[in-house]
Amino acid sequence: MKRVLARQISQEVTTLEGEIERLHPASYGWALACCRFRRQEAEDVLQSAYLKVLDGRARYDGRSSLRTWLFGVIRKTALDARRRRWLEGMGLLRWNHANGAVTPVVSLDEVGNHQRRSRILRALSELPRRQREVLDLVFYHGMTIAEAAEVMGVSLGAARVHYDRGKRRLGREFVAEDRG
Amino acid sequence: MSHADRKLGDLHREAHSADQPPPFARSWGAAVARSSRPRRGIRQWVWAPAALLVAVLSIAGGLRIRSAQRQRDLAQEISFWAARDPLGFLLEMPGSELLQTVPTFDSKGEWQ
């Protein structure tokens with residue numbers, strides 16, 4: 001029985017692999033957003049999400065688009081990873097990750113852009129998790145709020161509330177500055 | 001699309017401008033390698049009962065300490081009032097110890 005299931009999973013994975021590869025850059029971008037833009041964490045999360053797909057802990061049933069499903073798996077994996085880190089009491093390591101990720105090494109002519117990008121990343125990182133997630137899914141990945149709600153596992157109404165609050169909060173800092 | 005929406009879209013694109021995803025083969029290959037390793041499932045099975053046991057023991061311990069404390073407080077209160085009653089001896093009747101004890105008889109039938 002186990003062998004039959006393993007063969008079935010392996011067949012499913014073989015058919016999905018190409019699609020997952022196509023989605024890989026977007027998946028990494030989403031993993032980054034889930035990990036407050038910490039690169040190392042995002043890479044680990046993405047790898048763990050792929051592992052879930054490979055060993056059948058996450059199976060695509062075709063009820064939503066592959067991207068929505070995969071993003072949901074990545075989000076859940078990021079949450080699990082955060083919970084595990086918290087349980088392992090690795091507060092210090094987390095702090096190091098945070099500092100290392102938001103200040104990557106850049107060349108001198110990129111300093112201006114880098115400073116602005118750092119400011120944006122900081123503002124996004126400071127948003128509550130769900131607000132950050134819904135805004136990233138809508139504004140970067142081009143999803144509708146309904147699709148974002150599906151990825152986040154919340155109701156459409158809740159996703160709308162997070163979207164509005166996040167938009168208002170981010171808008172106060174960046175959009176108002178443009179007009180002023 | 002409003003000005004604010006366009007601006008937020010730009011911000012997100014800028015935030016992701018230096019994403020540089022790792023090569024797919026590397027992430028996928030590492031996941032494949034991890035999937036062939038034996039899983040550490042036992043650890044999950046050990047943690048749940050261990051956490052439950054700790055919780056039960058701490059609750060039982062807490063209740064026990066609380067009841068012992070309550071008994072100590074009661075004993076202290078009783079001894080306090082016994083010590084603070086200077087005229088208590090006036091309430092004692094002659095032969096009151098006889099009333100508080102059960103008489104016994106020896107083999108000859110005499111009252112002790």
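This is a short talk on a predicted model of two protein chains, A and B.

Let me start with confidence. The model scores ipTM 0.73 and pTM 0.64. Chain B averages a pLDDT of 82. In that chain, 87% of the residues score at least 70. Where is confidence lowest and highest in chain B? The low end is helix α4, residues 96–100, with a mean of 74. The high end is helix α2, residues 24–36, at 89. Keep helix α2 of chain B in mind. We come back to it.

Now the folds. Chain A has eight helices and zero strands. Along the sequence the pattern reads α-α-α-α-α-α-α-α. Chain B has four helices, again with zero strands. Its pattern is α-α-α-α.

Next, burial. Chain A runs to 180 residues, and 46% of them count as buried. Chain B has 112 residues, and 14% of those are buried. The accessible surface of chain B is about 9,600 Å². Carbon and sulfur atoms account for 64% of that surface.

On to charges. Over all chains, the count is 15 salt bridges. I will pick out a few.

First, the contact between chains. A:Glu43 forms a salt bridge with B:Arg26, with the closest N and O atoms 2.4 Å apart. Why does this pair join two chains? Because A:Glu43 sits in helix α2 of chain A, residues 39–54, while B:Arg26 sits in helix α2 of chain B. And that helix of chain B is the one with the highest confidence in its chain, at 89. Look at the two partners in turn. A:Glu43 has a relative accessible area of 18%, so it counts as buried, the cut-off being under 20%. B:Arg26 comes out at 47%, so this arginine is partly exposed.

Now a bridge inside one helix. A:Glu19 and A:Arg22 meet through their side chains, at 3.0 Å from N to O. Both lie in helix α1 of chain A, residues 2–34. They are three residues apart, about one turn of the helix. Buried or exposed? A:Glu19 is at 34% relative accessibility, so it is partly exposed. A:Arg22 is at 56%, so it counts as exposed.

A further pair in chain A is A:Arg57 with A:Asp55. The closest N and O atoms of this salt bridge are 3.0 Å apart. A:Arg57 is partly exposed, at 43% relative accessibility. A:Asp55 is partly exposed as well, with a relative accessible area of 23%.

Then there is a network. Which residues does it link? The members are A:Lys52, A:Lys76, A:Asp80 and A:Arg83, connected by salt bridges.

Last stop: a charged patch on the surface. Four arginines of chain A gather there: A:Arg165, A:Arg168, A:Arg169 and A:Arg172. The patch is positive. Take A:Arg165 as one of them. A:Arg165 is in helix α8 of chain A, residues 156–179. Its relative accessibility is 49%, so A:Arg165 counts as partly exposed. A patch residue needs over 30% relative accessible area, so A:Arg165 clears that bar at 49%.

To wrap up. Both chains are helical, with zero strands in chain A and zero in chain B. A salt bridge from A:Glu43 to B:Arg26 joins them. And chain A carries a patch of positive charge on its surface, A:Arg165 among its members.

Definitions and conventions. Residues are numbered from 1 along each chain as its sequence is written. Chains are lettered from A and ligands numbered from 1 in the order in which they are written. This is a predicted model: local features need pLDDT of at least 70, side-chain atom pairs count only at pLDDT 80 or more; totals for chains, interfaces and linings use all residues. Side-chain values use heavy atoms; hydrogens and water are left out. Patches are made of residues with over 30% relative accessible area and no salt bridge: like charges are joined within 9 Å, nonpolar side chains (Val, Leu, Ile, Met, Phe, Trp, Tyr) within 5 Å. Accessible areas come from the Shrake-Rupley method with a 1.4 Å probe; for residues, only the protein chains shown count as cover. Lys and Arg count as positive and Asp and Glu as negative; His and the chain ends are not counted. The place of a charge is taken as NZ of Lys, CZ of Arg, CG of Asp or CD of Glu. Buried means under 20% relative accessible area, exposed over 50%, partly exposed in between (1.4 Å probe, protein chains only). pLDDT is the predictor's confidence in each residue, from 0 to 100.
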